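Okay, thanks everyone for squeezing me in. I'd like to walk you through one structure today, mostly its pockets and then one helix. Let me put it up on the screen.

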Amino acid sequence: MDAYQQVAKKLQELGITYNVVDHPPVFTTEQADSYIKDLEGVRTKSMFLTNKKKTQYYLLIMDDKKRLDMDDFKVQVGADRIRMASLDSLAKKMNLPAGTVSPFGLLNNEEKDIHVYFDKDIISEDAMTFHPNTNEKTIFIKSKDLFRFLKSIGFTYEILILP
């Protein structure tokens, strides 16, 4: 089963409906946005972060138009020296290649050791967009269904107010 089929199967099991747009591989949110510009849903970026010792991992989901203030994020999560996680860590923790980070990668995190955060500005949106573990598709999913998906696979999330 390929990475996208794994996501589709889980959403189907949960009775969650969604829309998918197929497109050529994309590596930035700007590239992805060019294929979905007329469709409804907040464009997100998902960042996989870690502390210096690689003992804590964080998945932060925010509007793709915002820039992350790393110092503010560190204060809000009570951590020291946070940075983008390495490609090796991404492969080990979520079994994903670069350019495909999303909440759907949590399906592969058996340890359930990734802390999930959403920016407050996007949680009230009706729908969100993500790569469903492949950068050749963009999925549109209702926000409430995404939160139900996370709960079903054993993850909780916290909401942050990002500047």
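I'll go through the two biggest pockets, then a threonine, then a helix. One thing up front: what you're looking at is a predicted model.

So, the largest pocket. We get about 570 Å³ of space in there. There are 29 residues in the lining, and the ones nearest the centre are Thr29, Ser46, Gly99, Thr100 and Val101. Which elements bring at least two residues each to that lining? Those are α2 (29-36), β2 (42-51), α4 (87-94) and β6 (127-130). The largest share is from β2, with six residues. For those of you thinking about chemistry, the lining splits into 13 nonpolar, 11 polar and five charged residues.

Now the second largest pocket, with about 180 Å³ of space. Here I can just read you the lining: Thr17, Tyr18 and Asn19, then Glu40, Gly41 and Val42, then Glu125, Asp126 and Ala127, and finally Phe140, Ile141 and Lys142. In terms of elements, β1 (18-22) and β7 (137-142) each give at least two of those, and β7 gives the most, three residues. The class split for this lining is five nonpolar, three polar and four charged.

Back to Thr100, one of the residues nearest the centre of the largest pocket. It sits in the loop between α4 and β5 (114-119). Is Thr100 buried or exposed? Well, the cut-off for buried is under 20% relative accessible area, and Thr100 comes out at 2%, so it counts as buried. Skipping the neighbours within four places in sequence, Thr100 is in contact with His131, Asn133, Thr134 and Asn135.

And that brings me to α4, which also helps line the largest pocket. The buried residues of α4 are Ser89, Leu90, Lys93 and Met94. Why do they end up on the same side of α4? Because they cover an arc of only 100° around the axis. If you want the helix arithmetic: an α-helix has 3.6 residues a turn, so residues three or four places apart point the same way. The cover over those buried residues includes β2, β3 (57-63) and β5. Flip to the face of α4 turned away from the buried side and you find the exposed residues Leu87, Asp88 and Lys92. Right after α4 comes Asn95, and its phi is positive, near 55°.

That's my tour. Happy to rotate the view if anyone wants another look.

Terms used
Residues are numbered from 1 along each chain as its sequence is written. This is a predicted model: local features need pLDDT of at least 70, side-chain atom pairs count only at pLDDT 80 or more; totals for chains, interfaces and linings use all residues. Side-chain values use heavy atoms; hydrogens and water are left out. On a 1 Å grid over the protein atoms alone, a cavity is a set of points where a 1.4 Å probe fits but cannot get out, and a pocket is an open set with protein on both sides within 12 Å along at least five of seven lines; lining residues have an atom within 4 Å of a point. Grid points are joined across faces, edges and corners, and a volume is the space filled by probe spheres set on the points. Helices (H or I, at least four residues) and strands (E, at least two) are DSSP runs, numbered from the N terminus. Ala, Val, Leu, Ile, Met, Phe, Trp, Tyr, Cys and Pro count as nonpolar, Asp, Glu, Lys and Arg as charged, and the others, Gly among them, as polar. Buried means under 20% relative accessible area, exposed over 50%, partly exposed in between (1.4 Å probe, protein chains only). Contact means heavy atoms within 4.5 Å. The arc is that of the directions from the helix axis to the C-beta atoms.
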